[in-house]
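Visitor: Could you take me slowly through the surroundings of the ligand, and then through one residue of the protein?

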Amino acid sequence: MKNIKFITAKEAVKVVKSNDRIHLHSVAVTPHPLIQALCERGRNKEFRNVRIQHIHTEGPAPYADIEFEGIFQLESFFVGHNVRKQTQLGYADYIPVFLHETQRLIREGVLKVNVAMIQVSVPDKFGYVSLGTSVDATLAAVEKADTVIAIVNPNVPRAFGDAIFHINDIDLFVEDDSPLIAKEMGEISDIDRKIGRFVAELVDDGATLQMGIGAIPNAVLSMLGNHKDLGVHSEMFADGILPLVDKGVVNGKNKAIDKGKMVATFLMGSKKLYDFIDNNPGVAMLDVAYTNRVAIIAQNPKVTAINSALQIDITGQVCADSIGTTHYSGVGGQIDFLRGASLSEGGKPIIAIPSVTNKGISKIAPILTPGAGVVSTRANIHWLVTEFGAVNLYGRSLQDRAKLIISISHPDHQENLDKAAFERFGPHFHFVWDAE
Ligand code: COA
């Protein structure tokens with residue numbers, strides 16, 4: 001690493017001044033040494049009114065804490081677990097935005113980024129580094145920020161695609177060799193397995209998959225071992241995909257664009273996953289402007305988009321970002337992919353949920369809890385899957401939908417839901433011929 005002058009994180013963050021906006025690299029490559037140094041300066045009250053934005057960071061997020069009131073203001077594009085409490089209390093805030101437009105806010109100057117704090121791989125002999133496991137909106141921040149501070153970390157995988165850029169675009173360099181934050185796959189519960197089975201039945205050979213993180217996607221993937229020629233074009237993928245790549249089930253042969261390549265914009269998983277994308281020409285880590293653009297997603301055949309929800313009403317309105325008025329998550333890429341799947345030839349937009357929460361509350365409700373944010377409208381919803389089955393709401397009337405949705409709700413809640421539908425639609429509801 002000749003010609004690069006490294007400085008300490010403490011020196012690097014001196015560039016931050018009052019009223020700046022900082023963009024933080026996300027998920028597994030969250031730049032913690034810079035965050036720590038920044039918070040140290042914040043504690044010393046060396047600046048005020050500094051806005052911080054990011055999609056979702058992993059690990060501690062001290063900048064969102066009340067101790068920094070007036071010093072930092074978090075405006076995240078997604079409410080992750082590490083900033084959830086602070087957002088719910090109002091100290092931290094959230095910008096609702098489609099994931100594919102997070103980069104646009106930066107590129108079009110709606111959000112002017114002063115400092116981008118990122119983590120990159122070791123430069124190659126030509127001076128190119130990789131953003132590794134997260135390209136998302138961070139490439140846009142690298143392009144637009146007045147100052148780019150990069151931690152050069154040998155643990156950041158050299159992922160290809162839009163992740164690669166030249167060190168000339170970096171202003172300040174810091175060294176660190178901490179391991180990336182990793183997440184092992186959790187256990188798959190019986191309920192998730194049942195949901196996974198119903199979803200897997202909807203996946204055709206030759207499908208292009210999009211799925212999020214968590215138990216349901218892993219349960220689905222664990223049941224696709226006998227499928228053929230699957231492809232991946234997703235905002236993210238995790239470890240569950242790896243056995244299917246090993247078996248040759250995921251080979252991208254049937255994709256119309258990026259044939260043979262797995263496409264994502266960020267990853268979260270174990271070290272094994274991060275090693276898998278290191279120097280792997282079969283994986284393209286691309287700008288979120290591309291991965292999540294509806295018109296791009298729709299070009300692949302049989303796009304099968306599997307997403308989840310916090311609550312859904314009996315007409316099919318999906319809430320995925322708040323529980324009532326309590327913010328829990330974000331819009332993310334749900335609409336990007338539901339819409340893209342809907343427009344793809346043979347595509348299937350799917351919402352997969354357990355019928356009840358871990359506290360026994362029905363996730364299917366007569367009406368959304370007041371304050372709940374509709375992430376996907378009734379018109380966006382096609383397939384809905386619970387552990388009790390799969391129904392297709394596309395082209396169905398309100399009353400048909402109510403019948404279909406209630407048919408896969410938890411038996412303990414069906415009577416209430418049925419009563420609510422009767423009150424909503426009147427006695428005719430019970431005369432409607434059985435929806436198939
Ligand atoms: N009423 C009350 N509480 C509810 C609830 C409801 N209808 N639904 C869920 N909860 C509670 C659960 O009890 C749980 O509480 P806990 O944290 O105290 O255990 C919590 O909310 C999370 O619920 P869960 O069903 O486990 O959520 P999840 O981890 O499966 O995530 C989403 C679901 C909707 C938040 C997630 O899929 C998401 O963020 N989606 C939006 C973005 C998106 O779709 N992106 C594309 C794919 S990455």
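Guide: An oxygen atom of the ligand lies 3.2 Å from an N or O atom in the side chain of Q334, which fits the definition of a polar contact, a pair of N or O atoms within 3.5 Å. For N358 the corresponding distance from a ligand oxygen to a side-chain N or O atom is 2.6 Å, and for K363 it is 2.9 Å. On its own the ligand has 990 Å² of accessible area, of which the protein covers 71%, as computed by the Shrake-Rupley method with a 1.4 Å probe.

This is a predicted model, in which local features need pLDDT of at least 70 and side-chain atom pairs count only at pLDDT 80 or more, while totals for chains, interfaces and linings use all residues. Residues are numbered from 1 along each chain as its sequence is written, and side-chain values use heavy atoms, with hydrogens and water left out.

Around the ligand there are 22 residues, of which E235, S329, N358, K359 and K363 come nearest, where being near means having a heavy atom within 4 Å. This shell divides into 8 nonpolar, 11 polar and 3 charged residues, with Gly counted among the polar ones.

Turning to the single residue, I306 belongs to strand β17, residues 303-307, a strand being a DSSP run of E with at least two residues. I306 is buried, because its relative accessible area is 3%, and buried means under 20%. Apart from neighbours within four places in sequence, I306 is in contact with V199, Q210, M211, G212, V220, I350 and A352, contact meaning heavy atoms within 4.5 Å.

Terms used. Helix = DSSP H or I, 4+ residues; strand = E, 2+ residues; numbered from the N terminus. Buried < 20%, exposed > 50% of the residue type's maximum accessible area, 1.4 Å probe, protein only. Polar contact = N/O pair within 3.5 Å; in protein donor to acceptor, adjacent residues only side chain to side chain.
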